[in-house]
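Below is a short note for a colleague who is opening this structure for the first time. The points are numbered so that each can be checked on its own.

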Amino acid sequence: MTEPGQLTLFNSLTRQPEPFDPVHPGEARVYSCGPTVYNYPHIGNMRAYVFADILGRTLSFKGYKLTHVINITDVGHLTDDADAGEDKLEKAAAQNAQSIWDIAKHYTEAYWDDVKALNIRQPAQWSVATDYIAQMLEFAQEIADKHCYELDSGLYFDVSTVDDYGRLARASSDDEGEGRIETVEGKRHAADFAIWRKTPPGEKRQMEWDSPWGKGAPGWHLECSVMSGKLLGFPFDIHTGGIDHREIHHPNEIAQNQAFCCTNGLDVPANSGARIWMHNNFLVERSGKMSKSSGEFLRLQLLIDKGYHPLAYRMMCLQAHYRSELEFSWEGLGAALTRLKRMVLAAQKLSDVQACDPVHPKLAPFIEKFDAAISDDLGTPIALTALEDLLAVKKVDPGQKRGAIAAMDAVMGLNLFDLSREDLRIRPRAAQLTEAEIEDALARRKAARANKDFAASDAIRDELAAKGVDVMDGDPMGWEWKLD
Ligand code: AMP
Ligand code: ZN
């Protein structure tokens, strides 16, 4: 077996690109903060998992044995990051008069549907927070004496007990910083955070467990420290999440990891738990449809209902570097779909060809360009152009060409050889005609034209237009019709 290849990744801890140097030779262990399952994910959330998927696929492409864990947050995430407000799941359950477990199940399944639709690979494990309560209590007990203090409302982590708190956010414990408003009475420092939240006297929560600090539920940050450490071992290689987590959630995880590692005599580099912390930038939308609390927000299902294949959204994500902000627009999604169509059409020319090893020197520059781009902090925008250049190249052995394209698409996950032109046709759910009806009308129109009955042919065209079908004679991509 050949040695895994060189790869550079941007580490948010140092704010520098760094060569990937695995803790266990030949392996890559990755933890990604998963969704809080109190509502549907919006497409911005899904950008975080497309990014984690590209990271995982790239590590596999470079020859590392990947172990990827994504958690499901079904407890502890409050409506306010500063330890105030309600548990998001308790609140959703009360609003919908349903049990928390039903709410969590429903939205976990909805999230998995989006994962599948976006061709995001299954991680080695989905770790569900409520399955790890006992381990969370154990972890909390280990660090409680040296690093925590108890208030009426719960057990709090004292951020002054660890070195360099907040270095990931480039903030310090004295820094009030964004979102660090002191909302809990009695906290020693504004940045101190809950490890365990006690159920207030006289109240009953749907989710509560006994603990040395009374009945209650874990703080949100605890679950990720516990599950990442248990499932991947400290230190592991890479921890991912959206850029918002760089400010509070991940600094707090790091503080817990430091406390745990020091208590257990683990000599983890800088005790951060993970060597590399990576963050995807946000998907934004001008009118604010990316906030789950705004009521109406952009879900993948809405894109599908409007007729877009979900992989057009994956393409849209790949066209931007994961560290750049990406603005969502319907025009942008349409352009991504057209680009995907072109690639699928080019790939279809090889549909009957058996793939084989791309050993011909003519293919090398394409493969090298792709490899260099993806190995440079997951440069998907340039990697996509390398793939397009390869799709356009002529006079090469078709089997080898197919082999090279398949290897690249194993990283990009666009399913180029499985998609058909028809799959990518825009099909709004609200369309007034079925595809069979459209095809039938077009066949009648073709017959009318063959009989030189242009009046009948135009009438059919107008009828179709009135029902939202645009007939595209002579379309260079051969689409024949589209739904508006
Ligand atoms: P949540 O379900 O709110 O815990 O978020 C799930 C993931 O989505 C986290 O990694 C967030 O950092 C990330 N995220 C939230 N909003 C956006 C956005 N607009 N664009 C990209 N990632 C986001
Ligand atoms: Zn997390």
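**Notes on the model**

1. Of the protein's 484 residues, 55% count as buried. The model is a predicted one, and the values here should be read with that in mind. In secondary structure, the protein has 14 helices and 15 strands. Its C-alpha atoms fill a box of roughly 90 × 55 × 35 Å along the principal axes.

2. The contacts can be sorted by how far apart the partners lie in sequence. Taking contacts between residues at least 6 apart, 75% join residues that are at least 24 apart. The points below include some examples of residues that lie far apart along the chain and come together in the model.

3. Which protein atoms are the donors of the zinc ion (ligand 2)? They are SG of Cys33, SG of Cys224 and NE2 of His249, and they lie 2.0 to 2.2 Å from the ion. Along the chain, the donors follow the spacing C-x190-C-x24-H. The pair Cys33 and Cys224 links distant parts of the chain, being 191 residues apart. Cys33 sits in the loop between strand E3 (27–32) and helix H1 (43–61), whereas Cys224 belongs to helix H5 (residues 220–232). Are these two cysteines buried or exposed? Both Cys33 and Cys224 are buried.

4. Two packed helices are described by the angle between their axes and the distance between the axes. For helix H10 (residues 364–375) and helix H12 (residues 398–412), the axes come within 11 Å and cross at roughly 15 degrees. Because angles under 35 degrees count as roughly parallel, H10 is roughly parallel to H12. The crossing of these two helices, H10 and H12, is left-handed.

5. On the H10 side, the residues that meet H12 are Phe366, Ile367, Phe370 and Ile374. Their counterparts in H12 are Ala404, Met408, Val411 and Met412. Sorted by class, the contact of H10 with H12 has eight nonpolar residues, no polar ones and no charged ones.

6. A second helix pair is H9 (residues 330–348) with H11 (residues 380–392), whose axes come within 10 Å and cross at roughly 40 degrees. The crossing of H9 and H11 is left-handed. H9 contributes Arg339, Met343, Ala346 and Ala347 to the contact, and H11 contributes Leu384, Thr385, Leu387, Glu388 and Leu391. The residues of this contact between H9 and H11 divide into six nonpolar, one polar and two charged.

7. Thr58 lies in helix H1. Is Thr58 buried or exposed? Thr58 counts as buried because its relative accessibility is 0%. Leaving aside residues up to four places away in sequence, Thr58 touches Leu7, Ile374, Leu378 and Val411. Two of these partners also appear in point 5: Ile374 in H10 and Val411 in H12 are among the residues through which those helices meet.

8. Thr263 is found in helix H6 (residues 249–263). With a relative accessible area of 33%, Thr263 is partly exposed. Which residues does Thr263 touch, not counting those up to four places away in sequence? They are Glu142, Ile143 and His147. Thr263 and Ile143 are 120 residues apart along the chain, yet their C-alpha atoms are separated by 6.8 Å.

Definitions and conventions: Residues are numbered from 1 along each chain as its sequence is written. Chains are lettered from A and ligands numbered from 1 in the order in which they are written. This is a predicted model: local features need pLDDT of at least 70, side-chain atom pairs count only at pLDDT 80 or more; totals for chains, interfaces and linings use all residues. Side-chain values use heavy atoms; hydrogens and water are left out. Axes are lines fitted to C-alpha atoms, for helices over the stretch in contact, and angles run from 0 to 180 degrees between N-to-C directions. Helices (H or I, at least four residues) and strands (E, at least two) are DSSP runs, numbered from the N terminus. Angles under 35 degrees count as roughly parallel, over 145 as roughly antiparallel, 65 to 115 as roughly perpendicular and the rest as oblique. A crossing is left-handed if the near helix is turned anticlockwise from the far one by less than a right angle, and right-handed if clockwise. Contact means heavy atoms within 4.5 Å. Ala, Val, Leu, Ile, Met, Phe, Trp, Tyr, Cys and Pro count as nonpolar, Asp, Glu, Lys and Arg as charged, and the others, Gly among them, as polar. Donors are N, O and S atoms within 2.8 Å of the metal (3.2 Å for Na, K and Ca); water is not among the atoms, so sites may look incomplete. Buried means under 20% relative accessible area, exposed over 50%, partly exposed in between (1.4 Å probe, protein chains only).
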